[in-house]
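Here is a short note to keep beside you as you look around this structure. Please take the points one at a time, with the 3D view open.

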Amino acid sequence: EAFEATAIAQDPDARWRSRKSTAAQRYLIARLLDLLAALGTPEADPGNMTRGAAHDWIRKRGGNPRFNTPPTWPETLVK
């Protein structure tokens, strides 16, 4: 969230966007592809992308699942 709020993250012409995707991005894309397949919505591997394209691909699919915050239980269903 902190990065997304910066001007450089919002700049479609920022230099970082044209660089080669990072190993961490490629790993996360592979894990997201596994998760999507497990959920019954498989997608084709997007292959080699720039850092900006990988960022956008990951963000469009919900971002990094490690930072996912599940919704709170409704009070009527609290365990």
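1. Let's begin with one residue, Arg-61. Its relative accessibility is 25%, so Arg-61 counts as partly exposed; here buried means under 20% relative accessible area, exposed over 50%, and partly exposed in between (1.4 Å probe, protein chains only). Before going on, please note that this is a predicted model, in which local features need pLDDT of at least 70 and side-chain atom pairs count only at pLDDT 80 or more, while totals for chains, interfaces and linings use all residues. Residues are numbered from 1 along each chain as its sequence is written, and side-chain values use heavy atoms, with hydrogens and water left out.

2. Which residue does Arg-61 meet in a salt bridge? The partner is Glu-43, at 2.9 Å from N to O. A salt bridge here is a side-chain nitrogen of Lys or Arg within 4 Å of a carboxyl oxygen of Asp or Glu. The two residues link distant parts of the chain, 18 residues apart: Arg-61 lies in the segment after α3, and Glu-43 in the loop between α2 and α3. Helices are DSSP runs (H or I, at least four residues), numbered from the N terminus. Glu-43 has 34% relative accessibility and so counts as partly exposed.

3. The structure holds four salt bridges; one of them joins Glu-4 to Arg-59, with the closest N and O atoms 3.3 Å apart. This pair also links distant parts of the chain, with Glu-4 in the segment before α1 and Arg-59 in helix α3, 55 residues apart. Glu-4 is partly exposed, at 21% relative accessibility.

4. Arg-17 forms a salt bridge with Asp-56, and their closest N and O atoms are 2.3 Å apart. Arg-17 sits in the loop between α1 and α2, whereas Asp-56 is in helix α3, 39 residues away. Is Arg-17 buried or exposed? With a relative accessible area of 15%, Arg-17 is buried; Asp-56, at 36%, is partly exposed.

5. Now for the rings. A search of the whole structure finds one aromatic pair. The ring centres of Phe-3 and Trp-16 are 5.4 Å apart and their planes meet at 75°, so the pair is edge-to-face. (Rings of Phe, Tyr and Trp, its six-membered ring, pair if their centres lie within 6.5 Å; planes under 30 degrees apart count as stacked, over 60 as edge-to-face and the rest as tilted.) Phe-3 is in the segment before α1 (7-10) and Trp-16 in the loop between α1 and α2 (23-38), 13 residues apart. Trp-16 counts as buried at 11% relative accessibility, while Phe-3, at 37%, counts as partly exposed.

6. Please turn next to α2. Its buried residues are Gln-25, Leu-28, Ile-29, Leu-32, Leu-33 and Leu-36. They cover an arc of only 145° around the axis, which puts them on the same side of α2; the arc is that of the directions from the helix axis to the C-beta atoms. These buried residues pack against α3 (51-60), contact meaning heavy atoms within 4.5 Å.

7. What lies on the face of α2 turned away from its buried side? There you will find the exposed residues Ala-23, Ala-24, Tyr-27 and Ala-38. The charged end of Arg-31 sits over the ring of Tyr-27, 5.0 Å from its centre (the criterion is NZ of Lys or CZ of Arg within 6 Å of the ring centre and within 35 degrees of the ring normal). Following α2 comes Gly-40, with a positive phi near 85°.
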